[in-house]
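Got the structure open in your viewer? Here's a short tour, stop by stop, of what to select and what you'll find there.

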Amino acid sequence: RLVVAIQDLGTQGFSPWLQGVGDRPVSQEIGETLVRVNPKTGQMEGGLADSWSVAPDGTWTFKLRPNIPFHDGYGTVTADDVKFSWEQFTQKDSIQNQAALYRQAVDGDMKNFEIVGPLEFRLKTTKPLIYLPDLLNNLTPGLTIQSKKYWETKPAEALVHPIGTGPYKFVSSTKGIDVQ
């Protein structure tokens with residue numbers, strides 16, 4: 001059993017669009033981001049995304065790693081999960097300070113988030129974000145990808161018992177005391 005101390009447990013709320021700064025460390029261990037910063041080199045590398053590129057017109061294309069499982073048997077990460085997570089993070093009542101930049105990456109319209117295939121998606125915008133990988137990485141911290149299937153089949157549970165693809169699996173939470 002590994003015990004890790006963090007400065008603040010935050011609100012211990014697990015709605016991605018309503019998480020405060022104190023809630024993010026827990027989410028980042030349970031879930032993963034599209035891009036990571038290599039702790040040894042400081043360079044950007046793939047997290048859930050295997051690769052990404054930007055076209056001269058500012059369109060970003062991301063290819064996901066195959067067979068990345070969500071905890072508790074809720075399938076593997078797909079472009080549909082990423083789009084679902086993006087929509088959650090940027091919804092109108094989001095308190096995320098980066099939500100406006102995520103909206104900008106799709107010109108404020110999720111129709112500009114194009115699913116190319118199960119493991120590939122494109123972001124189309126007229127105002128390119130050249131620093132998009134910085135926005136999506138684990139240190140910012142970026143958007144952690146949620147299981148669309150889990151949120152659609154057990155929405156009430158998803159609000160209090162997050163799952164992800166990360167190194168640690170959520171067990172329980174006692175408000176103001178601990179997260180296991």
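Start with a hairpin: strand 5 connects to strand 6 through two residues. Strands here are DSSP runs of E with at least two residues, helices are runs of H or I with at least four, and both are numbered from the N terminus. What you're looking at is a predicted model, where local features need pLDDT of at least 70, side-chain atom pairs count only at pLDDT 80 or more, and totals for chains, interfaces and linings use all residues. Residues are numbered from 1 along each chain as its sequence is written, and side-chain values use heavy atoms, with hydrogens and water left out.

Stay on that hairpin. Strand 5 and strand 6 pair antiparallel over four bridges; to count as a pair, two strands need at least two bridges found by DSSP. Select Ile 115 and you'll find its bridge partner in strand 6, Phe 121.

Next, follow strand 6 across to strand 4. These two also run antiparallel, with four bridges between them. Pick Lys 63 here: Glu 120 in strand 6 stands opposite. Now look at Lys 63 from strand 3, where Ser 51 has Lys 63 as its bridge partner.

That brings you to strand 3 and strand 4 (residues 60–64), an antiparallel pair joined by five bridges. Click on Trp 52 and then on Phe 62 in strand 4, which sits opposite. These strands form a hairpin with five residues in between, and Gly 58 in the turn has a positive phi of about 90°.

Zoom out to see the whole sheet. It is open, with four strands in the order 3-4-6-5 and antiparallel pairing. At its edges are strand 3 (49–54) and strand 5 (113–117), each pairing on one side only. From one strand to the next, the twist averages 20°, with axes fitted as lines to C-alpha atoms (for helices, over the stretch in contact) and angles running from 0 to 180 degrees between N-to-C directions.

What packs on this sheet? Select helix 2 (residues 79–90), which touches strand 4, strand 5 and strand 6 (120–123); touching means contact, with heavy atoms within 4.5 Å. The direction of helix 2 makes about 170° with that of strand 5.

Is strand 4 mostly covered or uncovered? Mostly covered: four of its five residues are buried, meaning under 20% relative accessible area with a 1.4 Å probe, counting protein chains only (exposed is over 50%, partly exposed in between).

For a last look, show the full protein. Its secondary structure comes to six helices and eight strands, running α-β-β-β-β-α-α-β-β-α-α-α-β-β from the N terminus on. Of the 180 residues in the protein, 46% are buried. Among contacts with a separation of 6 or more, 62% involve residues 24 or more positions apart.
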